[in-house]
Amino acid sequence: MSDQLIFERSVTGRRGYHLPPSEVPARAPADVIPREQLRTAPPLLPEVAEFDVVRHYTRLSQLNFSVDTHFYPLGSCTMKYNPKLNERVAALPGFAWLHPLQPAGQVQGMLELLYELEQLLCAITGMSAFTLQPAAGAAGELTGLKIIAAYHRRKRRTRSTILIPDSAHGTNPASAALSGFTVVQLVSGRDGLIDVQELRSKLTNDVAALMLTNPNTLGLFERDIKAIAALLHERDALVYMDGANMNALLGIARPGDMGVDLLQLNLHKTFSTPHGGGGPGAGPVGVTKTLEPFLPVPRVRKRGARYVWDERARATIGRVHGFYGNCGVLVRAYAYIRTLGREGLARTSRIAIINANYLKRKLEGAFPVPFGDHCMHEFVATAKALNAHNINAWDVAKRLLDYGFYAPTVFFPLIVDEALMIEPTETESKETLDQFAHALLAIAQEAQTNPELIRRSPQRLTVDRLDEVRAAREPNLRWKPTEDISRQPSTPARQPHTPGPGRAVHR
Amino acid sequence: MDYAPNTDEQLQEMLRAIGASSFEELISTVPAELRLPAEAPARRPSQGGAGGSAQAGQRTLDVPHGLAEAQVVELCERLAGRNRSLNHVTSFLGAGAYQHLIPTAVDALASRGEWLTPYTPYQAEASQGTLQAIYEFQTMVCELLQMEVANASLYDGASSVAEAVLLAMRATQRPRVLVSEALHPHASQTLATYLIGADAIVQEIPTVHGVTDLEALSKALGDDVACVVLQQPNVFGCLEPMSQAGERLHRVGGLLIASVYPISLGLLKPPGAYGADIAVAEGRCLGSPVAYGGPGLGLFTTTSELLRRIPGRLAGCTVDQRGRRGFTLTLQTREQHIRRERATSNICTNEGWLALRATIFLSLLGPVGMQELARLNVEKAHYARERLVELPWVRAAFSPSPRDQSNDHDAPARGRPERGGAESRDDQPFFNEFTLEYDSGISVDTVNRALAKAGIVGGFPLADWFPSMPQTSLWCVTELVSREAVDRLVDVLRKVI
């Protein structure tokens, strides 16, 4: 069976779900809604049976590599195991079936959870206060940058520059630009860290903040962080930390002690909430006492034994999301932190770091790591040696898929040629790391003996290498009834797919 | 407990292989002054209250001890038990978060680990399931909204409105943004936050009788207007004159941004049919639980003309080396990981799992199911409003009084509901949400408190958002509300007031 689109399974008149009877007097829509406000033709949705849907989306799921099925060493993404327990508690009707506008008295358990989660994140990071509202890491960055702008505006001055190291995630400069700032890039030092001289040379009175990642995207701890923060603070500029790599620091060090003024956490990375094939995430933002007045509203507060939403805040930047953020994700992260507790959190980062260093040591013969000695929770190797055989990092990534491993992050960070950014996380066993190392080393061998095999990989999946140039040049972003891009049509002839005019609902 | 499988013996073995004498050697780059003590002083395990505020300089990991699975379940069940779940009350709340049916198959399929635990599909060949599902999602969203292009999702309805306005400003290179007073306040507030630091001039267009005032809109139009943002149905549940607004706006070259309610599109005219240039929606109602307002699902659609300015991920159809159909993320040069500070948006992680749920939901419902579902909402909501206005102290809001029907635009604007006579009760059409006004002396809070005692969550007090509307509440009736529940509501109200 080829992988049909759900639309290609459609048969006119087939139903996948039946609605209950109305129980109330029938009413023709046109009797209560003006005709010019009514839809004239139904949407061209598939007409399929429930079993068609179940088989289709079960089959599609099997085409994915996922954390549950494969080692997923995607650097900077912290693809750790997502505990099943968290799914169970997030699905409790007392969390999943709550309306955001129910009076506070009806949702005290939810408010308590959100309040406690803020406290836990404060304890873990050493920050003074958190907002849970941002929906993802980049939304957290945007929130942080709005706070930075508000801080300087409150001091009645214009600061338009954000300093960002050249090793930063792409979201950093994008968030800064979206917030109306000008980005000035810091060239990393020879050690891959922020070069203090370079920083000094670009640190003008127009600098609103430095955005850094710690450990940085090379997996290296910014050892001069306190001195760097002091330099910024001398000019009353702020230090924003991208907390995407917090999985390296749990129980080891707290950003709040490093002079960081504000940061975002990625709960879908460090705190185990599933990434869902591209979200939902959650990007809470933590700040110092000084910046707390700028946090988005509403804030959850404890008044005696009661929890309430507080909309008032004189200096707030305002709202960044509808209602209160991704509460379903926040419940999962809360369950995770309570499960691990202080010992489990500390053990998590410890093992993440040992796993990364172990893998690094096993690989560096064939895939050297240009920056740093020991790494934190991830490292960036280079596939440059394979260039001699006309193999690049992208080819290595594709060949790994054939070996049953998802690929590392490739070609990032930009300061390493042919970068393979590898983050094993703490939840992978030594056996898995050994197998992965074995596969990568075998690929390095294949580069010498059979480079063509690597260039033509993957071979063992349902598709081989996809034509991404064609995808971009001739964008085909939705199915249309006449569609047939395949040169090997293997689908049975489609039924005509038009819900006819006679298909209006009769009851 | 934790989820790390390696044993202490294995960790020692690994440290030896690394050539490190201890774990501490691996983190020698972390200055000692920043290090937390390896063994934090024991703190009494809390009874479920977590944490404790972080004290500056206290430098410990002040988190309670870990719990076993059974303890976490107990803790979370206790917290969840302190909430009144919609399973145990009859709710008439909507106001931007709508509770709808979720077919069993949606949960059964979406909870598979292969859907729940992959990342954004960067390695296309190993992510064909996710990518094909996104492509199907984009198609269904285009169909439902009758728009040409849909992306793979944004965070929620509110941030989608903000991204839509940013796109319109980029595309038109114009500064002025007109926003209806009847746009959901979370959307307009989120928009305001996104626009801090942008050279935008935001102007609110007032409503008259619950809908955006077309005359006021016309007066505000000019060749510096980038866009107008209208919501359909609007925050009061009323239907906006989208076509007329669009025509007037297009004459001056501005873009029409429509924020719509997906369930309503089974019956209501889709944005593509009234000339919307950008249409967005909160799509959580398509197969995902309300979940206290999040995660949401931002639907984002536009015209082919604006395709290359669209924010967020796009899945495209292509072929592999052997000509077989396959799917990949595409047009990525718009995005932050390539374009960095010149990207069309900073978004990276979006709401993929909810988009999948919406795709499964729409597959199950199909064209007929969506139509029936919308009709059920119309019928139940209209039944409920008819029953409610039987009460002598309740009126449908926004019914024009005879004086106002003479096109008197000096009539009280700002969404202030008008006292209408019984004959004009049905004048303002609605889908499944409507605004009621109570006699003075009967407060919305009093009514809701009385209802809460009977296990009913009454209409949302609109004064929370519109202080000039103290006597009004917003009622939503979806297919999940039974006739019996509506009848009981009216009986309870008769008894208590």
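How many residues does the contact take from chain B and from chain A? Colour the two chains separately and have a look: chain B gives 179 residues and chain A gives 187. Keep in mind as you click around that this is a predicted model.

**Stop 1: the face between the chains**

Stay on chain B and select helix H12, residues 352–388. This helix supplies 24 residues to the side of chain B that touches chain A, the largest share of that side. Now colour that side by residue class: you should get 90 nonpolar, 59 polar and 30 charged residues.

**Stop 2: chain B as a whole**

Hide chain A for a moment. The C-alpha trace of chain B spans about 90 × 60 × 45 Å along its principal axes. Its secondary structure comes to 15 helices and 17 strands. Of the 497 residues in chain B, 61% are buried. If you like contact maps, here is one to keep beside the viewer: among contacts in chain B with a separation of 6 or more, 74% are between residues 24 or more positions apart.

**Stop 3: two domains in chain B**

Give 104–360 one colour and 368–496 another; these are domain 1 and domain 2 in the domain assignment of chain B. Their C-alpha centres lie 29 Å apart. Where the two meet, 20 residues of domain 1 are in contact with 26 residues of domain 2. The domain 1 side of that contact has eleven nonpolar, six polar and three charged residues.

**Stop 4: the seven-stranded sheet**

Next, find the open sheet in chain B that runs S2-S10-S9-S8-S7-S3-S4, with mixed pairing. Which strands stand at the edges? Select 149–150 (strand S2) and 201–205 (strand S4): each has a single partner strand, so one side of each is left without a neighbour in the sheet.

Move inward to strand S7 (residues 225–232) and strand S8 (residues 255–260) of chain B, which pair in the parallel sense over six bridges. For one pair to label, pick B:Gln232, whose bridge partner in S8(B) is B:Val260. Then show helix H10 of chain B, residues 242–251, which packs on the sheet and touches both S7 and S8. Its direction makes about 180° with that of S7(B).

**Stop 5: the largest nonpolar core**

Bring chain A back. The largest nonpolar core has 329 residues, and those with the most contacts inside it are A:Ala209, A:Leu420, B:Val165 and B:Ile257. Want the biggest contributor? Select helix H10 of chain A, residues 327–363, which brings 20 residues, the largest share of this core. As background, nonpolar side chains tend to be buried together in soluble globular proteins.

Centre on B:Val165 and show what is around it. Leaving out residues up to four places away in sequence, B:Val165 touches B:Val177, B:Leu191, B:Cys227, B:Val229 and B:Ile257.

**Stop 6: a three-stranded sheet in chain A**

Over in chain A, look for the open sheet in the order S10-S12-S11, where the pairing is antiparallel. Strand S10 (379–382) and strand S11 (409–410) are the edge strands, each pairing on one side only. Two bridges join S11(A) to strand S12, residues 419–422. Label A:Thr409 and you will find A:Met421 of S12(A) opposite.

**Stop 7: backbone oddities**

Most residues other than glycine have a negative phi, and most peptide bonds are trans. Here are four places to zoom in on.

- Select A:Asn214 and A:Pro215: the bond joining them is cis, with omega about -10°. A:Pro215 sits in the loop between strand S4 (207–213) and helix H9 (225–234) of chain A.
- Select A:Val297 and A:Pro298 for another cis peptide bond, with omega near 0°. The loop holding A:Pro298 runs between strand S7 (285–287) and strand S8 (299–303) of chain A.
- Select B:Gln173, which has a positive phi, near 55°. B:Gln173 lies in the loop between helix H7 (157–172) and strand S3 (176–180) of chain B. Is B:Gln173 buried or exposed? It is exposed, with 8 other C-beta atoms within 10 Å.
- Finish at B:Leu331, where phi is positive at about 50°. Its loop falls between strand S12 (325–329) and helix H11 (336–339) of chain B. B:Leu331 is partly exposed, with 19 other C-beta atoms within 10 Å.

Terms used. Residues numbered from 1 in each chain as written. Chains lettered and ligands numbered in written order. Predicted model: local features only at pLDDT ≥ 70, side-chain atom pairs only at ≥ 80, totals over all residues. Domains from an automatic or database assignment. Contact = placed C-beta atoms within 7 Å. Nonpolar A, V, L, I, M, F, W, Y, C, P; charged D, E, K, R; others polar. Helix = DSSP H or I, 4+ residues; strand = E, 2+ residues; numbered from the N terminus. Core = buried A, V, L, I, M, F, W, Y, C linked by C-beta atoms within 7 Å. Buried ≥ 20, exposed ≤ 12 C-beta atoms within 10 Å, placed from the backbone. Pairing = 2+ DSSP bridges. Axes fitted to C-alpha atoms, helices over the stretch in contact; angles between N-to-C directions.
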